[in-house]
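Me: Please take a close look at a single part of this structure, the nonpolar core and the elements packed around it. I would like one connected account.

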Amino acid sequence: QRRYVESLSSYARMFLGQMEKPDVESIEGLSNVDFRETTSMQGMFIGNEKITNIQTLIEYSRKYITPLKSSEKGLYLLLKGNFENCINTGIEFVSTNIDFKDCVRTFNSDVSSFIEFLKQFEYDSLKIQWIIEISRDSYKSEYKDIIMDLINSNFFAGIDLVSTENCIPNSEFVCFYEQANKLGLITKVHTGEQLGPDYIEQCIY
């Protein structure tokens with residue numbers, strides 16, 4: 001059962017909790033499933049572009065998504081499309097990561113304007129929880145103040161440290177997590193994919 005659930009897309013897994021459990025004791029005669037094939041990216045397309053691995057997905061994002069997000073209109077269209085899709089599929093709550101760099105490049109680091117922009121996405125049928133996304137591979141020390149201003153703004157629900165671990169040590173981000181914990185915000189970290197258990201332990205402590 002666990003392997004079957006893991007083979008589903010993250011989108012499909014969102015609906016499992018809404019389904020009633022069938023009143024059965026056993027199911028017989030099912031064919032074997034090749035989980036390696038179902039969990040691959042061989043059949044993934046964005047538009048007409050085939051995505052075969054994580055690297056091509058990152059390259060696609062840099063080529064198309066990042067330039068689109070660099071304008072207020074482009075960022076608006078991306079977010080609006082995502083939220084309307086949630087509403088159309090009956091989702092009532094969504095936790096959304098928003099890259100701090102969107103504030104830097106689209107609103108010239110103006111936190112007030114950035115927050116006012118995000119506030120326009122208010123729906124009666126959808127509750128949105130905003131999480132500040134801090135990407136290790138795009139972080140520079142000059143961004144420290146802007147990230148701290150976002151954390152202290154009383155608008156965002158939490159922070160999330162993402163992307164490759166072999167560029168900047170976790171110690172560079174401790175100040176953000178100390179402040180987020182002090183304010184009672186949600187704190188998330190993506191870790192362990194590249195540098196292993198030591199980095200996981202750093203993130204825990």
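Reply: What follows goes from the core to the strands and helix beside it, and then to the salt bridges.

The model is predicted. Its largest nonpolar core has 37 residues, of which L79, F100, W130, I134, I147, F156 and F176 touch the most other members. Two or more residues of this core come from each of α5 (72-88), β3 (93-99), α6 (100-107), α7 (111-119), β4 (127-135), α8 (144-151), β5 (158-162) and α9 (174-182).

F100 serves as a starting point. Neighbours within four places in sequence aside, F100 is in contact with I132, E133, I134, S135, S138, Y143, I146, I147 and L150. Two of these, I134 and I147, are themselves among the core residues that touch the most other members.

Aromatic rings are another feature to follow. The whole structure holds 13 aromatic pairs, and one aromatic cluster is formed by Y76, F83, F107, F114, F117, F121, Y123, W130, F155 and F156. W130 and F156 of this cluster also belong to the group with the most contacts to other core members.

The strands come next. β4 and β5 run parallel and are joined by five bridges, with I134 standing opposite L161 in β5. How many of the residues of β5 are buried? Five of the five are, so β5 is largely enclosed by the rest of the structure. In a regular strand, side chains alternate between the two faces of the sheet. Both faces of β5 are covered: G158, D160 and V162 are buried on one side, and I159 and L161 are buried on the other.

Helix α9 has a buried side and a face turned away from that side. F176, Y177, Q179 and A180 are its buried residues. These four lie on the same side of α9 because they cover an arc of only 165° around the axis. Their packing partners are β4, α8, β5 and β6 (186-189). Exposed residues E178 and K182 sit on the face of α9 turned away from the buried side. Just after the helix, G184 has a positive phi of about 75°.

Charged side chains complete the picture, with a count of four salt bridges. One of them leads back to β5: D160 pairs with K188, and their closest N and O atoms are 4.0 Å apart. This pair links distant parts of the chain, as D160 is in strand β5 and K188 is in strand β6, 28 residues apart. D160 has a relative accessible area of 1% and is therefore buried, whereas K188, at 31%, is partly exposed.

Two other salt bridges lie within helices that contribute to the core. In α5, K80 forms a salt bridge with E84, with 2.6 Å between the closest N and O atoms. K80 and E84 are four residues apart in this helix, so about one helical turn separates them. K80 is partly exposed at 26% relative accessibility, and E84 is partly exposed too, with a relative accessible area of 32%. In α7, the side chains of E116 and K119 meet in a salt bridge at 3.5 Å, N to O. Being three residues apart in the helix, E116 and K119 are also separated by about one helical turn. K119 counts as partly exposed, with 37% relative accessibility. Why can residues at such spacings point the same way? An α-helix has 3.6 residues a turn, so residues three or four places apart point the same way.

Key. Residues numbered from 1 in each chain as written. Predicted model: local features only at pLDDT ≥ 70, side-chain atom pairs only at ≥ 80, totals over all residues. Heavy atoms only, no water. Core = buried A, V, L, I, M, F, W, Y, C linked by side-chain atoms within 4.5 Å. Buried < 20%, exposed > 50% of the residue type's maximum accessible area, 1.4 Å probe, protein only. Contact = heavy atoms within 4.5 Å. Phe/Tyr/Trp six-rings, centres within 6.5 Å; stacked < 30°, edge-to-face > 60°. Arc of directions from axis to C-beta. Pairing = 2+ DSSP bridges.
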